[in-house]
Amino acid sequence: MFDAVLHRKNTAKERPLSAFHESHFSVSAPARSAIEHLIGDYLIVRAQTQSLAEPLAVEDYGIQSMPDASPTKWHLAHTTWFFETFILKAFVQNYRLVCDDYEYLFNSYYESVGPQFTRAERGLISRPTVEEVYQYRSTVDERLIDFLTRQTPSAEVVSLVVLGLHHEQQHQELLLTDIKHGLSVNPIMPSYCAQTNHAQSKQGEKEKKSPLWQDYSGGLTTIGHNSQAAQAQQNSSDYHFSDHHSSDYHSSDYQGFCFDNELPAHKVYLEPYRLCCDLVTNAEFLDFMEAGGYDNPLFWLSEGWAWRKQHALQHPLYWFQKNGQWWQFTLYGAQPLRMDDPVTHVSYFEAEAFAHWKGCRLPSEAEWEHAATLAQFSNRTFHSITASNNASNSVSNNAQYASGEQGSEDDGTVYPALDGVFSSARFHPTQHSGCSFLSNASEALKETSQTVSLPRALSPTPLRQLFGCVWQWTSSPYTPYPGFRTAEGAVGEYNGKFMCNQWVLRGGSCVTPNGHLRMSYRNFFPATARWQFTGIRLAQDVAQPTSPP
C-alpha cells in the first residue's frame, strides 16, 4: 500500500504540456498560447500542493487535531473538488462526477452546492484512501486540461480557473499550519521536514532594544485593490474575482488577481499615526509574560479575559519550558526559543493585551495598507507563479534552496521544492525572514533616533518584515468595504458570508505563497485563532507628526 501511494504521488505531479497530444488543441494559435499559459500555471500550483505533502508519512495524511484544522488528505481532495464542481460540472455538457460521494465529503461550506460532511469530523474519513485521493486529483487534472484545450474557454471559465488556483494556494498555507498543529500534539514532537544544522537554534539572551518608530501624517488615502479591470468587474453583472475580461490569458493576469473582499478601492481619512518599524519579538513578549501580563485583567478585553481564563493560557501556542528554558514547537520539531525572532501563534486577544500593556495599540488595516503603499517595496515584483522550475523536485532528492533571508546564510535545512513560490524557503519566521522596506537613510537613523519621520523623497520607509514573515493582527473587524457586493451563485459564498466576528490580518507569513503577498490582501480569523503564523506590529496615535511621510 505504501509503495502504491508513493507511486501515485510521483506520477501525479506536474507534467509538461507535451504530455498532452497535439490534437487536444482545437483553437487558434493566439488563443492556444494563452491557454498554454493558463495550463502551465495550473500544473505548477497543483504540483506545489503535492510537493508540500511529500515529507509526510501516509499515517500523517488523516490526522485532524482540532475542529479548525483539516487533514492533509482533505485539503488535497477539497482543492480538486473546487475545480470539478465550479468548472467541469458547471460547463462540461453531460458531465459525470468522478465519484458522487465526493460532492458531499469534500464540500467545505458551499450551502448552495449541497450539504457537507461535519467539519470537525473530517479526520474520521478513512475512505477514500490517500491513493484514491491522488487518483482523484490526477483524473480531474486530465479532464480539466482536456476541457481547456478542446475549445477556447470563456472569460468566466478562465476567471474561475484563476480563482481556483488562488483558492488552492490558500489551502497550501492551511495544509502547513494544520499539519504543524497535528504534529505538535504528538508527545514525541516529530518534525515536518529535516533541519540538518541546529547552529542557529540557540536560545540566546534577551537584549533591551529601543523601538524604532515611523510617523505618518495621515489624511485622505485610498485603500483596496486598485486594478481598473477589477474595479470594472466589481461594477459589472459578470464579476468573477479576477482582473481580466477575456480568454486572452497570460500569467500577468494571475498577478493582477484580487479577491472580492479587497474591492472596491475607496477613500479613508486617517489621523496622524505611527507604526513600529519592527515586529514584536519573542523577548518582548516574554517580558509581558514575566510582568504578569497573562494574569492582569486590566490589559485584556472582557471577552479575551474570559477566554484566557477558560483555557488557562499563560504563553503563546507551541511554547513550553524544558530544563528552565523556553522552547517552541516548529515544523522542524522542538527548538529552543530564539529571542530575536518575531513572536508568532498569538491570538488577537493576546496581541491586543500586549499592545495595551505597552501603552500602544494595534494598527487599523487602513493604516497598515497606507504605510505599506507609501513605501518602495525592496522586491516589488514577486516571482511569477511560473517562476519555479523545481516544482516537481522533492525533499527526498535532498534539494536545498537558499533561504532568501536578508543577511542570513544557508543553515543546512532541507526544504520541499518551493523556491520562488513562497516568500522564503523557510517554514518558521526568523529575525531575518520576510520582506522589508529599507533605505540607507533609515539605516543611518536606526541607532540614533527612536522616531523617524521621513519625507516622501526618502521612501522606502524603515518598516521591516511587512510581508512574508507573520500575519499581523489589526484592530479592524472584517467587514465589507463601502460598495462591496458578492458575486452571484455559489462562488459568492467565498468571502462575504464570513464578514462577522472576525478580525483582519495583513502582510502574509513565512508559509504564504508569494502570489498572496500584496498591499490590499485581507486575511481574517476569529479573535481566538492561534494556529496560524500570526504576530504583532504596534501602532500609536500622533498628535502632530514632525513631517509628512
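Two strands count as paired when DSSP finds at least two bridges between them, and this idea will be needed for several of the strands described below. The model shown here is a predicted one, and its single residues, strands and helices are best approached after a view of the chain as a whole.

The chain has 549 residues, of which 60% count as buried, and its secondary structure comes to 13 helices and 13 strands. Its accessible surface is about 21700 Å², with 49% of that area belonging to carbon and sulfur atoms. Among the contacts in the chain with a separation of 6 or more, 81% are accounted for by residues 24 or more positions apart.

A good place to begin is the open sheet of four strands, which stand in the order 11-10-9-12 with mixed pairing. Its edges are formed by strand 11, covering residues 523-525, and strand 12, covering residues 534-535, each of which pairs on one side only. Following the order from strand 11 inwards, strand 10 and strand 11 pair in the antiparallel sense over three bridges, and here Val504 stands opposite Phe524 in strand 11. Strand 10 is also joined to strand 9 by three bridges, and these two strands run antiparallel; within this pairing, Trp473 has Leu505 of strand 10 as its bridge partner. On the way to the other edge the sense changes, since strand 9, made of residues 471-477, pairs with strand 12 in the parallel sense over two bridges. In that pairing, the bridge partner of Gln472 is Gly535 in strand 12. As a general point about such elements, the side chains of a regular strand alternate between the two faces of the sheet.

Two strands of this sheet also take part in the surroundings of helix 12, which spans residues 365-374 and is mostly covered, with eight of its ten residues buried. The buried residues are Glu365, Ala366, Glu367, Trp368, Glu369, His370, Ala371 and Ala372. What do these buried residues of helix 12 pack against? Their partners include strand 9 and strand 10 (503-506), and to these are added strand 1 (213-216), strand 2 (219-223), strand 3 (266-270) and strand 4 (273-276).

Another open sheet is built from three strands in the order 5-6-7, and its pairing is antiparallel. Strand 5, at residues 319-322, and strand 7, at residues 333-336, are the edge strands, each pairing on one side only. When direction is ignored, neighbouring strands of this sheet are turned by 40° against each other on average. Strand 5 pairs with strand 6, residues 325-330, in the antiparallel sense over four bridges, and in this pairing Gln321 has Trp326 of strand 6 as its bridge partner.

The helices can be followed through two of their packings. Helix 3, residues 72-91, and helix 6, residues 155-184, have axes 9 Å apart and pack at an angle of about 170°. Because angles over 145 degrees count as roughly antiparallel, helix 3 is described as roughly antiparallel to helix 6. By class, their contact has 14 nonpolar, seven polar and three charged residues. His78 lies in helix 3, and with a relative accessible area of 1% it is buried, since buried means under 20%. Leaving out residues up to four places away in sequence, His78 touches Phe106, Ser108, His167 and His171.

The other packing brings together helix 9, residues 282-290, and helix 11, residues 348-357, whose axes come within 11 Å and cross at roughly 80°. The two helices are therefore roughly perpendicular to each other. Which residues meet where helix 9 and helix 11 are in contact? From helix 9 come Glu284, Phe285, Asp287 and Phe288, and these meet Glu350, Ala353, Phe354 and Trp357 in helix 11. The residues of this contact divide into five nonpolar, no polar and three charged.

A last residue to look at is Glu131, which is found in helix 5, residues 130-150. Is Glu131 buried, exposed or partly exposed? With a relative accessible area of 27%, Glu131 is partly exposed, because this class lies between the limits of 20% and 50%. The C-alpha atoms of Glu131 and Val58 are separated by 9.5 Å, while the two residues are 73 residues apart along the chain.

Key:
Residues are numbered from 1 along each chain as its sequence is written. This is a predicted model: local features need pLDDT of at least 70, side-chain atom pairs count only at pLDDT 80 or more; totals for chains, interfaces and linings use all residues. Side-chain values use heavy atoms; hydrogens and water are left out. Buried means under 20% relative accessible area, exposed over 50%, partly exposed in between (1.4 Å probe, protein chains only). Contact means heavy atoms within 4.5 Å. Accessible areas come from the Shrake-Rupley method with a 1.4 Å probe; for residues, only the protein chains shown count as cover. Axes are lines fitted to C-alpha atoms, for helices over the stretch in contact, and angles run from 0 to 180 degrees between N-to-C directions. Angles under 35 degrees count as roughly parallel, over 145 as roughly antiparallel, 65 to 115 as roughly perpendicular and the rest as oblique. Ala, Val, Leu, Ile, Met, Phe, Trp, Tyr, Cys and Pro count as nonpolar, Asp, Glu, Lys and Arg as charged, and the others, Gly among them, as polar.
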